[in-house]
Protein chains: 2
Amino acid sequence: MPRTPRQPRAKATVNAIVEAGFLSLSEHGVQGTTTRHIADLAGVSVGSLYEYFANKEEVFEAMHHHMVAEVVAMVEPMTPALVKMEIRDLIKELLFGFRDLLEKNHGRYLRYMSYAAYFAPRNHMEPIQRLLMNLLLQYVIHNPRLARLGNLPAMGYIMINGGVFTVLRYLSEPNPTIGFEELVKGLGDMVAHFVEGELRKEG
Amino acid sequence: MPRTPRQPRAKATVNAIVEAGFLSLSEHGVQGTTTRHIADLAGVSVGSLYEYFANKEEVFEAMHHHMVAEVVAMVEPMTPALVKMEIRDLIKELLFGFRDLLEKNHGRYLRYMSYAAYFAPRNHMEPIQRLLMNLLLQYVIHNPRLARLGNLPAMGYIMINGGVFTVLRYLSEPNPTIGFEELVKGLGDMVAHFVEGELRKEG
DNA sequence: GCGGGAATCCGAATTGAATCCGAACAAACA
DNA sequence: TGTTTGTTCGGATTCAATTCGGATTCCCGC
């Protein structure tokens with residue numbers, strides 16, 4: 001039964017462990033990430049790790065929360081500006097921001113994501129999906145001509161997954177066959193054409 | 001150094017191990033899948049497992065090849081018929097086939113896929129991506145009006161990843177918010193509008 | 001159908017990582 | 001200062017992955 005850190009010193013320990021988790025994952029992958037390793041990188045002993053985390057898995061979960069929080073912290077302040085943009089610009093802005101976040105600190109989050117993304121037991125990506133679905137709704141509200149679009153949930157699901165996860169996959173590839181700009185442009189075109197096509201159909 | 005099975009008995013053993021791998025993964029997840037477990041399910045001893053596989057990872061790799069081979073075996077015979085279809089029908093046909101394959105045998109392949117990123121971080125989807133890229137090329141050859149489309153690699157990359165991975169993700173979700181038919185229809189519309197939009201732009 | 005070498009199979013022993021635990025150390029507080 | 005509570009430590013334990021030497025079965029020439 002892990003303990004909750006009360007004193008600042010303990011909070012620092014917990015934080016150091018989570019940071020070390022990202023580091024170790026980046027350096028050694030999932031298999032190579034041992035508790036001893038994490039503890040060493042964090043500058044604490046294994047015992048301390050187990051004071052705050054029931055097992056290694058919980059360290060990964062804490063890392064996950066950390067990362068989700070960062071994504072939210074990135075997207076939420078952007079939202080008011082995003083909803084006023086053209087679709088293609090919105091996508092460009094969002095995806096470049098996303099890439100920068102993922103590549104920050106030598107790709108720590110990216111490394112984590114590429115392991116967690118398909119790792120399906122519990123919907124790891126659900127909060128991010130919800131965040132983006134909310135952005136989509138805001139966008140529709142600010143652009144009433146889109147209100148005619150039918151089946152927003154399905155469209156959103158496809159655009160969000162198709163978009164975010166394609167980018168995630170792209171960034172994880174060792175030597176991609178296309179450039180990131182091309183990818184972003186293509187995704188922008190795809191979504192824009194989709195919306196236009198649907199509007200044409202509905203109208 | 002693992003040995004290659006020569007006698008039929010040994011081939012059966014190897015096969016049983018791979019099968020047991022899928023079973024164990026379905027039943028116990030990645031963490032719960034131990035070599036002892038796989039060996040037990042396969043009805044052989046741990047020692048035998050290590051006769052043919054250098055380590056547990058190699059068992060997963062064999063499973064992977066098995067699955068990729070099945071996907072190829074599904075798509076290749078369909079190709080001549082697919083290239084003659086409307087885009088929306090092609091997608092419907094392909095994705096329903098894909099779903100059926102993944103859900104065959106109580107979702108063994110699906111389970112495997114959703115864990116695959118865990119142990120196969122190196123381009124595990126590359127062969128499937130290539131297969132589908134080839135299908136796309138065939139399609140363009142049979143539908144010359146599409147030849148005007150610019151930047152086929154990028155379009156293909158987006159459609160294939162956006163499509164396949166969205167479906168994969170969808171099928172792994174415990175309680176999806178939309179129906180599979182909706183998803184497939186949406187993806188079909190998306191691709192169709194994309195192509196039409198691009199053609200309009202190019203023309 | 002018999003004998004010997006190769007192939008196959010086995011499972012106890014080894015190894016190393018994850019996890020637990022009780023003693024030592026530090027902080028809070030009276 | 002003494003006591004209580006929080007924190008850290010690292011050796012001891014447990015359990016899964018992998019190894020190894022020997023037993024068993026198959027194959028083929030006689």
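What follows is a conversation about how two protein chains meet two DNA strands in a predicted model.

Reader: What makes a residue count as near DNA strand C, and which residues come nearest?

Author: A residue is near the strand if one of its heavy atoms lies within 4 Å of it. There are 25 residues around DNA strand C, and those that come nearest are A:Tyr50, B:Arg3, B:Arg6, B:Gln7 and B:Thr13.

Reader: Why is the pair formed by B:Thr13 and DNA strand C called a polar contact?

Author: A polar contact is a pair of N or O atoms within 3.5 Å. A polar side-chain atom of B:Thr13 lies 2.5 Å from a phosphate oxygen of DNA strand C, and the pair is therefore a polar contact. By the same cut-off B:Tyr52 qualifies too, because a polar side-chain atom of this residue lies 3.0 Å from a phosphate oxygen of DNA strand C.

Reader: How do you know that B:Glu51 makes a polar contact with a base of DNA strand C?

Author: An N or O atom in the side chain of B:Glu51 is 3.1 Å from a base nitrogen of DNA strand C, and since the limit is 3.5 Å, this pair is a polar contact as well. Of the strand's atoms within 4 Å of the protein, 72% belong to sugar or phosphate, and the rest belong to bases.

Reader: Which element gives the most to the surface near DNA strand C?

Author: That element is H3(B), with four residues. The residues of this surface divide into seven nonpolar, 12 polar and six charged.

Reader: Which residues come nearest to DNA strand D?

Author: Of the 22 residues around DNA strand D, the nearest are A:Arg3, A:Thr13, B:Thr35, B:Tyr50 and B:Lys56.

Reader: What makes the approach of A:Ser45 to DNA strand D a polar contact?

Author: A backbone N or O atom of A:Ser45 lies 2.9 Å from a phosphate oxygen of DNA strand D, which is within 3.5 Å, and the pair therefore meets the definition. For A:Ser48 a polar side-chain atom lies 3.3 Å from a phosphate oxygen of this strand, and for A:Tyr52 the corresponding value is 3.1 Å, so both of these pairs are polar contacts too.

Reader: Which element supplies the largest share of the surface near DNA strand D?

Author: The largest share comes from H3(A), with four residues. This surface divides into five nonpolar, 11 polar and six charged residues, and of the atoms of DNA strand D within 4 Å of the protein, 73% belong to sugar or phosphate.

How values were computed
Residues are numbered from 1 along each chain as its sequence is written. Chains are lettered from A and ligands numbered from 1 in the order in which they are written. This is a predicted model: local features need pLDDT of at least 70, side-chain atom pairs count only at pLDDT 80 or more; totals for chains, interfaces and linings use all residues. Side-chain values use heavy atoms; hydrogens and water are left out. A polar contact is a pair of N or O atoms within 3.5 Å; within protein, one must be able to donate a hydrogen and the other to accept it, and residues adjacent in sequence count only if both atoms are side-chain atoms. Helices (H or I, at least four residues) and strands (E, at least two) are DSSP runs, numbered from the N terminus. Ala, Val, Leu, Ile, Met, Phe, Trp, Tyr, Cys and Pro count as nonpolar, Asp, Glu, Lys and Arg as charged, and the others, Gly among them, as polar.
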